[in-house]
2 protein chains.
Amino acid sequence: MRRTKIVHLIDAAHPVNDVLVKGWVRTRRDSKNFSFIELNDGSCLKNIQVVADAAIADYDNVKRLNTGAAVAVTGRLIPSQGSGQKWEIQAEGVTIIGAADEDYPLQKKRHSDEFLRSIAHLRPRTNKYGAAFRIRSTLAYAVHTFFRERGFTCIHSPIITGSDCEGAGEMFRVTTLDLNDIPKKEGKVDFSADFFGREASLTVSGQLEAEMFAMALGDVYTFGPTFRAENSNTSRHVAEFWMVEPEMAFCDLAGNMTLGQELIQFLTRYILDHAADDIDLFARFVDKGLRACLDGILSSEFVRLPYTEAVNILKTARRKFDHDPVYGKDLQSEHERYITEVHFKRPVIIYDYPMEIKPFYMRVNDDGRTVAAMDVLVPGIGEIIGGSQREERLDVLTARMDDMGLDRRDYWWYIDSRRYGSVPHSGFGMGFERVMMLMTGIRNIRDVLPFPRTPGSIEF
Amino acid sequence: MRRTKIVHLIDAAHPVNDVLVKGWVRTRRDSKNFSFIELNDGSCLKNIQVVADAAIADYDNVKRLNTGAAVAVTGRLIPSQGSGQKWEIQAEGVTIIGAADEDYPLQKKRHSDEFLRSIAHLRPRTNKYGAAFRIRSTLAYAVHTFFRERGFTCIHSPIITGSDCEGAGEMFRVTTLDLNDIPKKEGKVDFSADFFGREASLTVSGQLEAEMFAMALGDVYTFGPTFRAENSNTSRHVAEFWMVEPEMAFCDLAGNMTLGQELIQFLTRYILDHAADDIDLFARFVDKGLRACLDGILSSEFVRLPYTEAVNILKTARRKFDHDPVYGKDLQSEHERYITEVHFKRPVIIYDYPMEIKPFYMRVNDDGRTVAAMDVLVPGIGEIIGGSQREERLDVLTARMDDMGLDRRDYWWYIDSRRYGSVPHSGFGMGFERVMMLMTGIRNIRDVLPFPRTPGSIEF
């Protein structure tokens, strides 16, 4: 008999005489003449209820089943006699595939997120984390679907890089040198002996490479892991995370903002349509305000607010901030959240930031003081997207690089793209974990990644 | 006026009075009263032909257009008067967006793949590489679609890892230690000062982590970058490549083989259906046998052949191999290609390999000498998939680890999964670049990756 996944039985249209299900026991409770087994196979949030009559030949097996055990059940799918479920399986055969030791940590009770992090290899077996990782998968597919429907080409930008997009201090070094015996030349590391013959790091962004492809294929995006070696232990920081980075030729900052809004609204709509049960768990048990938040995103036109006005709003706010808002400084997380959660109560796109606080590749505005940067802020999260129109003018770009002390020779290929058919183009980076946090109400980034990497923590 | 992508004009149903296209000039040729511009915007392989009458006001701009320049053209889409295309644009306005310097390397002539590798930031602007990277994107989407349709959950397995799946010699080290001044303790590197507090590397496979999720969610897969620090400069090796790794609970080796065949056939069907023009370029100019090869994959039942029989076939082959086929040794690439290309002339799955040449996690067969491993071989490529049923029995697994000198403490979480509801499960790894090579006929792996990483080479 062919195994049926539980997701296909939960909403069955009619009874089935012969079914085979395989899964893991969530709970078992016995009455006088029956055992009730809640079985889950990960295909959906819901368990199927198995009713085993004490008269069946395999009843000895049933009595040995404890939480966590793997089991195969054959029987009939019939309308449930109990409340709480439409169907149940009347067991005919019950085979233990793999028992669970008595010390199985996921016994039926609430476990703290901290504890579950320490058993990240088992936590997807819980309702909450199973739901979270099914949602993550659906959101990832939604990202690809959004871009594909709009004619974007997916680019696998390199992970190991010789470039430094935003500042070498925060990058992981990649090497095959023997750390016990580093080869040196004139007192310095001799990278000629290293795998790539020079210093190599883990990428912090695929943007510069994506720009090269945008100037060939038009609309492109990357979706892959990126890295920051920041030594900060907060609920918002991990060393390894996934980023979505679209890049569009012939697109200005306004078009970039439009794409950002459309993407976030598309993902929200998609996840409500395609993961309703799993989202419902988070709306009920994790964040009571989740539905209102997601509905707000769907129904709002995102506010577009120049940075200067944002600073004015913050300065006149009846709110004491830990950091005083000052024109010419980056907005703090508390500032961003005030603007989107308190002042506007909906998503806000702040744009035209002071040149001094932004990287060399952002396009200088006509005022000569600001750049065509934009950040999308959403309630509950703060910044979820950061992007810009890129500087397409060769002379302005190279002057800016010189001003910032960057060596043009390190970027010869990037500069090249401005010498041959350079065009206005724009793009942004969206932190995928931030999207996960927005959609689930989970507030610690460690809990939306399968095996999070943080300072001092690389288990599993 | 809103810009229209060329892909939407090439097969237009009727003439359009007002169109705006933006793209890059591939060629321009002038006759007495006209200029003909071949314009490409990367949205498809085909160019749109722009006809500019010498009488238009912007004709001075037209005369300045050279290969590689970016341009905006307004005009009317009309049936083409020339042969070779259905539609052309009768230009009314021509604006130069970005000129191309005279030394633009992609002038109209054939360039060698070697040369184009040295300008990997520009090569997607050629027909061949534009097509290759559109195909890559479509194939990536097809991978996700295949698994999603079958109820698999996509898992983002970690890139930085403390585990060693197949042998530390081939792994890149990841560190934030100052290489100029490595902290030491008793003469050895003091990793307690490193970011993760211990040695860390780039992953060679997400399998072990995917197994943990398969035992929670049932069917899962990973699709992400993996790394090998092998110092080999061949047309088949790169340091960074993408791998697809499904993992299925309640699945044996036969089911694993079936999935492998279904996946490869699905991808072949998908790419023929969704990237016909781009595939056609490769079938015409890169590999004359491409269509026959892809048709063969679609129409064949893959041969299933025990390793022992494979060795016998090789031993009796009327063919001199560089390496003599010997029972108990891994098959060489020349062996694999003989079996799939010469002997069977279709895809072949070899299974049940000698235990000694396979990793600890593969399930030991009842004969006690072989493991439930399988490799899928396809003509032109050789091995494209390698997988196995995993050892689910705690006692067999730990005995095998002991035999191989692995420290159980390093794999405590992996072993844990065999203590709590362990189930038969299977999975495989499919090299995504190998799939690209199969579908395009490209025979150097460097030419199917946007920016390949090889020994001594990390430009861009």
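A salt bridge is a side-chain nitrogen of Lys or Arg within 4 Å of a carboxyl oxygen of Asp or Glu. This is a predicted model, in which local features need pLDDT of at least 70 and side-chain atom pairs count only at pLDDT 80 or more, while totals for chains, interfaces and linings use all residues. Residues are numbered from 1 along each chain as its sequence is written, chains are lettered from A and ligands numbered from 1 in the order in which they are written, and side-chain values use heavy atoms, with hydrogens and water left out.

**Exercise 1: the interface**

Describe the contact between chain B and chain A, starting from the salt bridge of K5(A).

Step 1. K5(A) pairs with D219(B), and their closest N and O atoms are 2.4 Å apart. The two chains share eight salt bridges.

Step 2. Now add the polar contacts (pairs of N or O atoms within 3.5 Å; within protein, one must be able to donate a hydrogen and the other to accept it, and residues adjacent in sequence count only if both atoms are side-chain atoms). Between chain B and chain A, 46 residue pairs are in polar contact, both residues being at pLDDT 80 or more. Helix α4 (residues 127-149) of chain B gives the largest share of the side of chain B that touches chain A, eleven residues. Helices (H or I, at least four residues) and strands (E, at least two) are DSSP runs, numbered from the N terminus.

Step 3. Turn to area: buried area is the accessible area (1.4 Å probe) that two parts lose on being put together, summed over both. Here it is about 9400 Å², with 63% on carbon and sulfur atoms. H156(B), F250(B) and Y420(B) supply 9% of the area that chain B buries against chain A, more than any other three residues.

**Exercise 2: a strand and its neighbours**

Place β13(B) in its sheet and decide whether its faces are covered or open.

Step 1. Strands pair if DSSP finds at least two bridges between them. The open sheet of eight strands in chain B has the order β6-β12-β13-β18-β17-β16-β15-β14, with mixed pairing. Its edge strands, β6 (153-154) and β14 (303-306), each pair on one side only.

Step 2. Strand β12 (residues 219-227) runs antiparallel to β13(B) over nine bridges. Along this pairing, T226(B) faces F241(B), and F223(B) has V244(B) as its bridge partner.

Step 3. Five bridges link β13(B) to β18 (residues 425-431) of chain B, again antiparallel. There V244(B) stands opposite M430(B).

Step 4. Buried means under 20% relative accessible area, exposed over 50%, partly exposed in between (1.4 Å probe, protein chains only). Ten of the ten residues of β13(B) (residues 240-249) are buried. Both faces are covered, with W242(B) among the buried residues on one side and F241(B) among those on the other.

**Exercise 3: a glutamate and a cysteine**

Work out the surroundings of E211(A), then explain why C44(A) is not in a disulfide.

Step 1. E211(A) belongs to helix α5 (residues 207-217) of chain A. Its relative accessibility is 0%, so E211(A) counts as buried.

Step 2. Contact means heavy atoms within 4.5 Å. Residues touching E211(A), beyond four places in sequence, include E247(A), R390(A) and Y414(A). The side chains of E211(A) and R418(A) share a polar contact of 2.8 Å.

Step 3. A disulfide is a pair of cysteine sulfur atoms within 2.5 Å. The closest cysteine sulfur to that of C44(A) is in C154(B), 19 Å away, which is too far for a bond. The count over all chains is zero disulfides.
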